[in-house]
Amino acid sequence: MSERLEDIAVAMVAKGKGILAADESSGTIKKRFDNINLTSTEDARRDYREMLFRADDAMKNYISGVILYDETLRQSARDGTRLADLIKAAGSIPGIKVDAGAKSLAGFADETITEGLDGLRERLNEYYELGARFAKWRGVIAISDTLPTWSAVRQNAQALARYAALCQEAGIVPIVEPEILMDGVPGNHSVERCYEVTDLVLKTVFNELYDARVKLEGMILKPNMVIDGKNARKASVEQVAELTVRVLKANVPSAVPGIAFLSGGQSDVEATAHLSAMNAGYDMPWNLTFSYGRALQAAAIKAWGGKDENVPAAQAAFTHRARMNGLAATGAWTEAQEKNA
């Protein structure tokens, strides 16, 4: 595997492949396990992720990279193989979540700032030695009729740019993730309001990346789609696709090799349909693909239920969703394929 940032970034957004976000924090994975009545132990978390990484068809054909949590990057499978090595053996690239989460932004009600810059240079050097070749940092932007404030947008954009510069210094490709929350405050914003906020956020993020001397050819953008709030869903698949492509073309330089969308609370099939509509309907200078967590894993974790005997069924569910999104990444997905698979 090449060690050039540009080559790693291009491989991460290879046509027909996307990124598995398996970087759930201990708190988040506990919630997922609570839904299947499974205690969240270190071994249970290891077994679950190992199951995904050993789904050969999915990993080799549809997954270009895997975002890991700190614990997972350090773990080994039951047979002693490092989980990062399982990922590499499948031809995929190990990555790492490096932010410390969104915390309340002092002085700004309902807004957050992502923390984790302290000591990041040293952590990135360690993660590189552990095999990570890309990283992720999520900046969370609240949306309503009055939010976000300019200060919250600017501070999160500056943190994303500082993180990205440190990643590239360490030989690690940064995934830059500014997310306008679909559930919002209170989640009833229109798709037009989402467009306005996404436009402002992307403009600000790329201005900060430029000022921080981040090499655009060696990064990946992970944005939200332009979509209405979860409590006000009206926009059609075609409208979401059209507005998302429009805002990207207005703000994202063509030097960026690829854009890997977050699902942001969309249903599994909805996230797939929107991605496919963009790839099928528009000519763009970047590869558009997926970087989904729950939208790739929900069916698999339900099928697994924490039981070894369910591993084949869970892997089949994961492979199905990976294949559907692989098709969407080329614009070839259809509802008929979804129903007939």
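The following dialogue reads cavities, cysteines and salt bridges in a predicted model.

Q: What should be known about the model and its numbering before reading any feature?
A: This is a predicted model in which local features need pLDDT of at least 70 and side-chain atom pairs count only at pLDDT 80 or more, while totals for chains, interfaces and linings use all residues. Residues are numbered from 1 along each chain as its sequence is written, and side-chain values use heavy atoms, with hydrogens and water left out.

Q: How many cavities of 30 Å³ or more does a search of the whole structure find?
A: Rolling a probe the size of a water molecule over the atoms shows where empty space is left. A cavity is a set of points, on a 1 Å grid over the protein atoms alone, where a 1.4 Å probe fits but cannot get out, and its lining residues have an atom within 4 Å of a point; points are joined across faces, edges and corners, and the volume is the space filled by probe spheres set on them. Here the search finds three cavities of that size, and the largest has a volume of about 80 Å³.

Q: Which residues line the largest cavity?
A: Among them are E179, M182, H189, C194 and Q266. By class, the lining has six nonpolar, five polar and one charged residues, where Ala, Val, Leu, Ile, Met, Phe, Trp, Tyr, Cys and Pro count as nonpolar, Asp, Glu, Lys and Arg as charged, and the others, Gly among them, as polar.

Q: Is C194 buried or exposed?
A: Buried means under 20% relative accessible area, exposed over 50%, and partly exposed in between, with a 1.4 Å probe and protein chains only. C194 has a relative accessible area of 1%, so it is buried, and C167 is buried at 0%. As for disulfides (pairs of cysteine sulfur atoms within 2.5 Å), the whole structure has zero.

Q: How many salt bridges does the structure hold?
A: A salt bridge is a side-chain nitrogen of Lys or Arg within 4 Å of a carboxyl oxygen of Asp or Glu, and the structure holds 32. One network of salt bridges links D23, K136, R138, E177, E179 and K222.

Q: Where do D43 and R46 lie?
A: Helices are DSSP runs (H or I, at least four residues) numbered from the N terminus. Both residues lie in helix 3 (residues 42-53), three residues apart, about one turn of the helix, and their closest N and O atoms are 3.8 Å apart.

Q: Which parts does the pair E169 and R121 tie together?
A: Their side chains meet in a salt bridge at 2.6 Å, N to O. Because E169 lies in helix 8 (residues 150-169) and R121 in helix 7 (residues 120-129), the pair ties together parts that are 48 residues apart in sequence.

Methods: 1 Å grid on protein atoms, 1.4 Å probe; cavity = no way out; pocket = protein on both sides within 12 Å on 5 of 7 lines; lining within 4 Å. Helix = DSSP H or I, 4+ residues; strand = E, 2+ residues; numbered from the N terminus.
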